[in-house]
Structure formats: C-alpha cells, structure tokens
Amino acid sequence: MESQKKIRQSDGNTTGASRKDEDEECCSYTACDKNEEREPSSPNRGDFSDPVYKEIAVANGTINRMTREELQAKCAELKLDPRGVKDVLRKRLKSYYKKQKLMHSAAGGNSELYYDYICVVDFEATCEENNPLDYHHEIIEFPMVLIDTHTLEIVDTFQEYVKPEISPQLSDFCTQLTGITQEMVDEAKTFNAVLKRAVSWLKEKELGTKYKYTFLTDGSWDMGKFLYTQCKLSRIRFPQFARKWINIRKSYGNFYKVARSQTKLICMLENLGMKYEGRPHCGLDDSRNIARIAIHMLKDGCQLRVNECLHSGEPRSVPVSVPFEGAPAPQKPKSRD
C-alpha cells in the first residue's frame, strides 16, 4: 500500500464535504500536535533516585561501547534474537537489562500490558499511475491481522475485497500494483456491507467488551485518509472504534531512535533482520508483515500505545502524557443521511 500512500499524501483532494460534521470531531485531545508526537516531559530528579537506575545507566554505557559482533554474541547468550542492525541490537539489550533489573527492584512498578490485542490494518485502494487532483481513492481490500500481545503471535486474520462504486473500473496500474483484478472487485460486496462483516468479526473476538484492544497502521493514511474518505463517499459516519490508532512508523522511529527515512516497511523489516514475506501491496500480506514488526518491537521491550487520532477530518498526534485507552466496542456503521 506504500505507493498508494505516497500518491495520496501528495494529493490535497478531499471529498468536498464540510469539515464541521459532528462525526469528524473525534479526538478529544485538544493538545494534539498536527505533525509530531510530543515527547514525554523530563522527570524530576527524585523520580530516578532508586539505585537501580544507576545500575541501568552503567549497563547502558557498557552496551554503547560494544561492537555489532559483541552485541550479537550477547543477544545469543541471553537467548534474544541476534538479528538486526547495531542500533536495534543495542536497544534490544538495553530493554532486556532494564526490564530484568526493574523486575527485581521496588522501582519496577506495573509492567503489565495494557492491550490484550492489537489489530493491524492496511487498506488497498483504487489508484491511477498519475492521479488527477480530484481523484477519489476507494478502498478495494479490507484486511485485518490480530496480534495477541500476551503470546506475541498472530492469532487470526480477516480479508474482504470491496467493490468500488465511483470508479468501478480498475486501472491497469492498480491491478499491477496490488494484484487485485477486475473480476475480484466485481464479485465483491460494497464497502458498507464489508464494513458490517468486519464489525461482526471484531465482535466475535469480544474486542472492546471482554478484551482491551486498539488498531495499528503503517502511517497515518489508512485511517486518516483512506477510511475517512471512503466513509464520506459511502455516506456513513466514521466508526468510533477507528478514531485512534498506533502509527507504527512513529513508534518504531521513537523507540529505536532512527530517522523517518528508516521507518518505511521494508527498511523496518531489514533493520530488524527480517525479509518481507508474501506479495508487496497485497493488503493482507502487508498487514502480516507490519504485525511481524510490531511483535518484534514488543519482544524488544517497546510499549506500543495509541499515538494518533482523527481530529476535524485530519490525523493528529496524541501526546504521550495521555493515559492508555482501548478502542470502544465495534458497532455497525451508521448512515450520515
């Protein structure tokens, strides 16, 4: 989906509807920044007064001086994954030692996971090789991959193709890029029907009722652009459960301290010592690979949390100071009419 996201990001097109509709006012965080996630404020000196933090600092200094070969050897010794670039290996070891030392210290606090499940979404949408300014991208593949954060495994998947209604004929470029054929979308249901099936699938998992969950995407476009635009085109209200999500690119960049250019899907996989599995730009395969990255980050000690939301029809960053909050129980789509 990355190529389509680049095309859509440079496209200033909207559906032409008013930005003041009540269902667009979805993010309650008035302090949200439009472009960047806020860093947590510096702690007071007393916050890190426990002697364990000095031990952690000493361990971090030792890790910083290690070569890549030494880092790999130490990871292997501790039965950690020895794959990845030097910065990834450093972060993996630092997270491991910090977790171990805090577990045996009164400063450890509550390290339990907040989300029981993370649902990865990566839509595929209609596109042209050179999209005109007034082009409307319609979702043609709706995939979801469910991660159990306790077992760190993919436990289920959902995939439905969608029949586009405004531009029912796929371009050759779109078919070549996504592998989705005209026959596949002709035989598919409309977006309203597919969204209802997706909601039923989420409900079967008891997400938002028995289990805490949230969504995760590769960038801001899936929820903030593609789903938002599709809901406008389909005359339905933007679903409450999709209003906040984890942008894994931001989480990856902040956790491993890498430049934004290193947060593309292929780069993240390669830096973690993995290769892409499946067909690029297949929504389900993209979602699976994004899930593999998320699982790797959780194993490395990253605390994945919501970092973006939809506010007045635009994706905004959620400050890290905002308490953890799971997505609400999914409900069937409501008409805008």
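The expected span of a helix is 1.5 Å times one less than its number of residues. That rule can be tried on helix α11 of this predicted model. α11 has 17 residues, so the span should be 24 Å. The C-alpha atoms at its ends are 24 Å apart, which agrees.

**The chain as a whole**

The chain holds 337 residues, and 49% of them are buried. Its secondary structure comes to eleven helices and eight strands. Take the contacts with a separation of 6 or more: 72% of them link residues 24 or more positions apart. The chain exposes about 16500 Å². Carbon and sulfur atoms supply 48% of that area.

**α11 and the loop after it**

Is α11 mostly covered or mostly open? It is mostly covered, since 15 of its 17 residues are buried. A loop runs from α11 (283–299) to β7 (308–311), and Asp 300 lies in it. α11 is also followed by Gly 301, whose phi is positive, near 100°.

Asp 300 has a relative accessibility of 4%, so it counts as buried, the limit being under 20%. Its side chain makes a polar contact of 2.5 Å with the side chain of Arg 92. Beyond its neighbours within four places in sequence, Asp 300 is in contact with several residues, including Val 88, Lys 91 and Ser 95. Phe 255, Tyr 256 and Leu 272 are also among its contacts.

**Two loop residues with positive phi**

Arg 235 has a positive phi, although it is a residue other than glycine. His 281 likewise has a positive phi and is a residue other than glycine. The table sets out where each one sits.

| Residue | Phi | Loop | Relative accessible area |
|---|---|---|---|
| Arg 235 | near 60° | between α8 (221–233) and β6 (244–247) | 39%, partly exposed |
| His 281 | near 75° | between α10 (265–271) and α11 | 16%, buried |

Why is His 281 buried? Its relative accessible area is 16%, and buried means under 20%. Arg 235, at 39%, is partly exposed, because that class runs between 20% and 50%.

**Two nonpolar cores**

The largest nonpolar core has 34 residues. Phe 142, Met 144, Phe 191, Phe 215 and Leu 227 have the most contacts inside it. Elements giving two or more residues to this core are β1 (117–121), β3 (139–148), α7 (191–204), β5 (213–217) and α8. Which element gives the most? α7 does, with seven residues.

Phe 142 shows how such a residue is surrounded. Leaving aside its neighbours within four places in sequence, its contacts include Phe 123, Phe 158 and Val 162. Phe 191, Val 194, Leu 195 and Ala 198 are also in contact with Phe 142. Another core, of 33 residues, lies apart from the largest one. Among its members are Ile 147, Leu 272, Tyr 276 and Val 322.

**Strand β1 and its partners**

Five of the five residues of β1 are buried, so the strand is largely enclosed by the rest of the structure. In a regular strand the side chains alternate between the two faces of the sheet. In β1, Tyr 117, Cys 119 and Val 121 point one way. Ile 118 and Val 120 point the other way.

β1 pairs with two strands, in opposite senses. With β3, β1 runs antiparallel, joined by five bridges. One of the partners there is Met 144 in β3, facing Val 121. With β5, the pairing is parallel, over four bridges. There, Ile 118 has Thr 214 of β5 as its bridge partner.

Terms used. Residues numbered from 1 in each chain as written. Predicted model: local features only at pLDDT ≥ 70, side-chain atom pairs only at ≥ 80, totals over all residues. Heavy atoms only, no water. Buried < 20%, exposed > 50% of the residue type's maximum accessible area, 1.4 Å probe, protein only. Contact = heavy atoms within 4.5 Å. Areas by Shrake-Rupley, 256 points an atom, 1.4 Å probe, with all protein chains shown as cover. Polar contact = N/O pair within 3.5 Å; in protein donor to acceptor, adjacent residues only side chain to side chain. Core = buried A, V, L, I, M, F, W, Y, C linked by side-chain atoms within 4.5 Å. Pairing = 2+ DSSP bridges.
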